[in-house]
Amino acid sequence: MRRAGPVGSHRPVDQQRFDSAVVGLERRLVAFASDDARWARRRRMTMAEIGERTVVIDPRAGSTTESLWHGSEHPPRFVETADVDSWLDSIAAGRGVGTTAEATAHHHPRPGVTYRQIKDGPRIPVHLAWWRNDRPEGLPELIDAVTRLYENS
């Protein structure tokens, strides 16, 4: 099914089929089980601390890859899931922790999962994408408006 207009994404855009613009950068958060004895009272973590844990990833839609720990002495062990729901279920069950864009905490709150900021986590670019051969009307204005929203957040 083809969408009529632009779509926001955190994933790299297929440049053969789509044009895109980066409209913002989101903070990277860590997600962990709310009853995690090591982290339950913490407000922020580091990438190195996350690397000491098993990291749950959703390779289909997630923004977490091994490259986040490139050059690290102790890269994490990774466990893959099939989608965001199984990603959240695995984290809530304590099978590992995850990193994600700030939007995930707003769009996917889950009992048993706590989100916290990663103080040295690289920001995640947010792309606005549209079909390469079907540029929507008013696109420059939309890009400007969405970019301003990110700048003011």
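Here are some notes on the aromatic pairs and salt bridges in this predicted model.

1. **Aromatic pairs, starting with Phe18 and Trp131.** The structure has 3 aromatic pairs. One of them joins Phe18 and Trp131, with ring centres 4.6 Å apart and planes at 35°, a tilted arrangement. Have a look at where the two residues sit: Phe18 belongs to strand β2 (residues 18-26) and Trp131 to strand β9 (residues 124-131), so this contact ties together parts that are 113 residues apart in sequence.

2. **Phe32 and Trp39.** Another pair brings Phe32 up against Trp39, edge-to-face this time, at 5.5 Å centre to centre and 85° between the planes. Both partners are worth checking for burial. Phe32 is buried, its relative accessible area being 0%. Trp39 is buried as well, at 3%.

3. **A charge over the Trp39 ring.** Trp39 turns up again here, since Arg53 lies over its face, 4.4 Å from the ring centre. So what you have around Trp39 is Phe32 as its edge-to-face partner, plus Arg53 over the ring face, with Trp39 counting as buried because its 3% relative accessible area falls under 20%.

4. **Salt bridges, starting with Arg27 and Glu102.** Searching the whole structure turns up 6 salt bridges. Among them is Arg27 with Glu102, where the closest N and O atoms are 2.5 Å apart. This pair links distant parts of the chain: Arg27 is in the loop between β2 and β3 (28-33), Glu102 is in helix α3 (residues 102-107), and 75 residues separate them. Arg27 comes out as partly exposed, at 30% relative accessibility.

5. **Arg42 and Glu49.** Next on my list is the salt bridge between the side chains of Arg42 and Glu49, at 2.9 Å from N to O. Arg42 is partly exposed, with a relative accessible area of 26%.

6. **Asp85 and Arg110, and the network around them.** The side chains of Asp85 and Arg110 also meet in a salt bridge, 2.9 Å from N to O. Here too the pair links distant parts of the chain: Asp85 is in helix α2 (residues 84-92) and Arg110 in the loop between α3 and β8 (113-118), 25 residues apart. Asp85 is partly exposed, with a relative accessible area of 42%, and Arg110 is partly exposed at 22%. Don't stop at the pair, though: salt bridges with shared partners join Asp85, Asp89 and Arg110 into one network.

Key
Residues numbered from 1 in each chain as written. Predicted model: local features only at pLDDT ≥ 70, side-chain atom pairs only at ≥ 80, totals over all residues. Heavy atoms only, no water. Phe/Tyr/Trp six-rings, centres within 6.5 Å; stacked < 30°, edge-to-face > 60°. Helix = DSSP H or I, 4+ residues; strand = E, 2+ residues; numbered from the N terminus. Buried < 20%, exposed > 50% of the residue type's maximum accessible area, 1.4 Å probe, protein only. Lys NZ or Arg CZ within 6 Å of the ring centre and 35° of its normal. Salt bridge = Lys/Arg side-chain N within 4 Å of Asp/Glu carboxyl O.
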